[in-house]
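Let us walk through this model from its charged pairs to its packed helices. Keep the sequence and the coordinates side by side.

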Amino acid sequence: KQTPVTVIGLGDMGSALAGAFLDAGHPTTVWNRTASRAEALAARGATAATTAAEAVAASPLIVVCLLDQGTVREVLGPVAGALRGRTLVNLTNGTPRQAREDAEWAAEHGADYVDGGIMAVPPMIGRPEAVVLYSGSPAAFAAHERTLGVLGGATHLGADPGLAALYDLALLSAMYGMFGGFLHALALTGSEKIPAAEFTPLAVSWLNAMMTSLPAMAQAVDSGDHSAIGSNLGMQATAYVNLLDAGREQGVATGLMEPMQNLLHRAVAAGHGGDDLSRLVELLRTNP
Ligand code: NDP
């Protein structure tokens with residue numbers, strides 16, 4: 001018999017989560033501030049609770065996916081008393097500090113707490129390519145691992161509830177860095193009316209090639225040995241100036257690319273011109 005699950009928050013992501021639980025045969029109760037968003041799920045067999053309290057009371061496993069942590073407190077605060085003895089899985093995007101505070105808050109109300117970071121977009125949910133990172137109560141995760149597994153690959157990072165948010169935001173940082181660079185590249189090539197679709201295959205193969213250097217960079221960061229093997233920072237800082245100058249010449253805003261130039265020049269000024277790019281991590285630590 002499948003574990004009953006409650007999903008609170010039926011935005012794009014919450015609806016996808018509830019849909020995956022339904023598809024896997026879990027008795028699924030749903031609640032959303034705007035009740036009409038529960039209709040499509042009810043037609044697929046979900047029970048639409050009329051209040052958040054009723055939704056919490058319906059299942060031992062409560063999955064929450066709301067806009068942000070402020071919303072989570074707003075929605076769950078008034079129904080905290082109903083959480084006792086249940087497991088709260090919070091898949092709302094937030095910071096490590098917020099996750100740790102939520103875990104304490106849940107513990108005060110007698111609930112087990114698992115935080116999660118969804119590394120997927122809604123259409124990927126329920127498919128093997130979706131990854132959801134979890135942290136917090138190892139016992140609660142173990143008890144519900146199979147149920148949570150219907151959403152996608154479930155990875156538990158540790159008992160510290162802040163870990164999933166930390167990994168999630170780190171991965172999003174890497175993603176936005178890549179997207180930011182790609183958007184700047186499209187603006188640059190677009191300044192000469194080159195269609196984005198014509199340029200993009202080259203960008204894809206270039207980024208894939210660069211991706212292979214990440215493990216070596218990680219090793220350099222962990223060992224503290226940043227000696228360059230072919231692309232020293234002094235050379236990179238010099239070439240980078242051309243990247244910004246070309247932006248200005250071509251009428252493209254350089255704001256997305258400037259912070260990297262500042263870092264490169266700080267590293268060279270500090271005597272690290274012979275080192276590799278991995279050295280910059282140390283300049284990013286404001287609290288080493
Ligand atoms: P949506 O904007 O589609 O949905 C937001 C949800 O929050 C809705 O259920 C909305 O209810 C609810 N909400 C907002 N404000 C309030 C409030 N004051 N009181 C009660 N409910 C409120 O967002 P998503 O579903 O896409 O995202 C949900 C979470 O999932 C976010 O934390 C997001 O960062 C995360 N996420 C999303 C991904 C995505 O690609 N979509 C990917 C990975 C994570 P109502 O319908 O009544 O407005």
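Start with Glu129. Its relative accessibility is 39%, so Glu129 counts as partly exposed. This is a predicted model, and every value here is computed from it. What does the side chain of Glu129 meet in a salt bridge? The partner is Arg127, with N and O 2.8 Å apart. Arg127 is partly exposed too, with a relative accessible area of 44%. Both values lie between the 20% limit for buried and the 50% limit for exposed.

Now step back to the whole chain. The protein has 288 residues, and 39% of them are buried. The fold contains 12 helices and eight strands. Its C-alpha trace spans about 65 × 45 × 30 Å along the principal axes. How far along the sequence do the contacts reach? Take those between residues at least 6 apart in sequence: 62% of them join residues at least 24 apart.

Return to the charges. How many salt bridges does a search of the whole structure find? It finds nine. The pair of Glu129 and Arg127 is one of them. Another joins the side chains of Arg73 and Asp102, at 2.9 Å from N to O. Arg73 lies in helix H4, residues 69-76, and Asp102 in helix H5, residues 96-108, so this salt bridge ties together parts that are 29 residues apart in sequence. Are the two partners buried or exposed? Arg73 is partly exposed, at a relative accessible area of 34%. Asp102 is buried, at 4% relative accessibility. The cut-off for buried is under 20%, so Asp102 falls below it and Arg73 does not.

Helix H5 also holds Arg100. The side chain of Arg100 meets that of Asp160 in a salt bridge, again with 2.9 Å between N and O. This pair links distant parts of the chain, 60 residues apart. Asp160 sits in the loop between strand S8 (153-156) and helix H7 (163-190). Arg100 counts as partly exposed, at 36% relative accessibility. Asp160 is also partly exposed, at 29%.

Elsewhere, salt bridges form a network. Asp275, Arg279 and Glu282 are its linked members.

Next, the helix pairs. Two packed helices are described by the angle between their axes and the distance between the axes. H4 and H5 pack at about 15°, and their axes are 11 Å apart. Angles under 35 degrees count as roughly parallel, so H4 is roughly parallel to H5. The crossing of H4 past H5 is left-handed. Which residues meet here? From H4 come Gln69, Arg73 and Leu76; from H5 come Gln98, Glu101, Asp102 and Trp105. By class, this contact has two nonpolar, two polar and three charged residues. Arg73 and Asp102 both belong to the contact, and their side chains form the salt bridge described above.

Helix H7 offers a second case. It packs with helix H8, residues 196-211. Their axes come within 10 Å and cross at roughly 140°. Why is this pair called oblique? Roughly antiparallel requires an angle over 145 degrees, and the range for roughly perpendicular ends at 115, so H7 and H8 are oblique to each other. H7 passes H8 in a right-handed crossing. On the H7 side, the contact is made by Met178, Phe182, Ala185, Leu186 and Thr189. On the H8 side, it is made by Ala196, Phe199, Thr200, Ala203 and Leu207. These residues divide into eight nonpolar, two polar and no charged. The contact of H4 with H5, by comparison, has three charged residues.

Two members of the H7 side deserve a closer look. Met178 is partly exposed, at 33% relative accessibility. Its C-alpha atom is separated by 44 Å from that of Lys1, 177 residues away along the chain. Thr189, also in helix H7, is buried at 14% relative accessibility. What does Thr189 touch, leaving aside its neighbours within four places in sequence? It is in contact with Ile194 and Phe199. Phe199 is one of the H8 residues that meet H7.

Note on methods
Residues are numbered from 1 along each chain as its sequence is written. This is a predicted model: local features need pLDDT of at least 70, side-chain atom pairs count only at pLDDT 80 or more; totals for chains, interfaces and linings use all residues. Side-chain values use heavy atoms; hydrogens and water are left out. A salt bridge is a side-chain nitrogen of Lys or Arg within 4 Å of a carboxyl oxygen of Asp or Glu. Helices (H or I, at least four residues) and strands (E, at least two) are DSSP runs, numbered from the N terminus. Buried means under 20% relative accessible area, exposed over 50%, partly exposed in between (1.4 Å probe, protein chains only). Axes are lines fitted to C-alpha atoms, for helices over the stretch in contact, and angles run from 0 to 180 degrees between N-to-C directions. Angles under 35 degrees count as roughly parallel, over 145 as roughly antiparallel, 65 to 115 as roughly perpendicular and the rest as oblique. A crossing is left-handed if the near helix is turned anticlockwise from the far one by less than a right angle, and right-handed if clockwise. Contact means heavy atoms within 4.5 Å. Ala, Val, Leu, Ile, Met, Phe, Trp, Tyr, Cys and Pro count as nonpolar, Asp, Glu, Lys and Arg as charged, and the others, Gly among them, as polar.
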